[in-house]
Amino acid sequence: MSGIVVVYELDKAVATRSSPGVPGGEERPVHRVHAAPAAPGVPAVPGPRTLCGKDTFAMATARWKPTEHPGEPWHPAEYASVVCPDCDAVIET
């Protein structure tokens, strides 16, 4: 599965509560997992659009690299329930 970069479409920022003395943070849960072709000449950077046509600009690049996990799905297993069905269909064809 060369040339594919996994990217995360994140939910809007949600402020998290913290204990006194502990600074609050922001948590951005993964809304959808997409696949994008790698940018030309830069295999770890996604191109401008996912396989389903969404803009990758505001998406986070996953650490998961399909080429490092032969025989496994193109996406991290823990996000199987939020995989983009359109990206998945393009990869499976």
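**Entry 1: salt bridges**

I searched the whole structure, a predicted model, and found one salt bridge. Lys-54 forms the salt bridge with Glu-9, and the closest N and O atoms are 3.6 Å apart. I then looked up where the partners sit: Glu-9 is in strand 1, while Lys-54 is in the loop between strand 5 and strand 6. The pair links distant parts of the chain, 45 residues apart. As a general note, side chains of opposite charge can pair when their charged atoms come close.

**Entry 2: accessibility of the two partners**

Is Glu-9 buried or exposed? I find a relative accessibility of 18% for Glu-9, and the limit for buried is under 20%, so Glu-9 counts as buried. Lys-54 has a relative accessibility of 37% and therefore counts as partly exposed.

**Entry 3: surroundings of Glu-9**

I asked which side chain makes a polar contact with the side chain of Glu-9. The side chain of His-34 does, at 2.7 Å. I also listed what Glu-9 touches, leaving out residues up to four places away in sequence. The list is Pro-29, Val-30, His-31, Arg-32, His-34, Lys-54 and Met-59. The salt-bridge partner of Glu-9, Lys-54, is thus listed among these contacts.

**Entry 4: the sheet**

Next I traced the strands. Four strands form an open sheet, in the order 5-4-1-6, with antiparallel pairing. Strand 5 (42-46) and strand 6 (60-61) are the edge strands, each pairing on one side only. Strand 1, which holds Glu-9, stands between strand 4 and strand 6 in that order. In general, strands of a sheet pair through backbone hydrogen bonds, either parallel or antiparallel.

**Entry 5: the hairpin**

I went to the junction of strand 4 and strand 5. Two bridges join these antiparallel strands. They form a hairpin with two residues between them. Which residue in the turn has a positive phi? Gly-41 does, with a value of about 80°. Ala-39 stands opposite Val-42 of strand 5.

**Entry 6: the nonpolar core**

Last, I looked up the largest nonpolar core, which has 14 residues. The members that touch the most other members are Val-6, Tyr-8, Val-33, Ala-35 and Trp-74. Strand 1 (4-10), strand 4 (30-39) and helix 1 (85-92) each supply at least two residues of this core. Strand 1 therefore appears twice in my notes: as a source of core residues, and as the strand of Glu-9, buried at 18%.

Definitions and conventions
Residues numbered from 1 in each chain as written. Predicted model: local features only at pLDDT ≥ 70, side-chain atom pairs only at ≥ 80, totals over all residues. Heavy atoms only, no water. Core = buried A, V, L, I, M, F, W, Y, C linked by side-chain atoms within 4.5 Å. Buried < 20%, exposed > 50% of the residue type's maximum accessible area, 1.4 Å probe, protein only. Pairing = 2+ DSSP bridges. Polar contact = N/O pair within 3.5 Å; in protein donor to acceptor, adjacent residues only side chain to side chain. Contact = heavy atoms within 4.5 Å. Salt bridge = Lys/Arg side-chain N within 4 Å of Asp/Glu carboxyl O.
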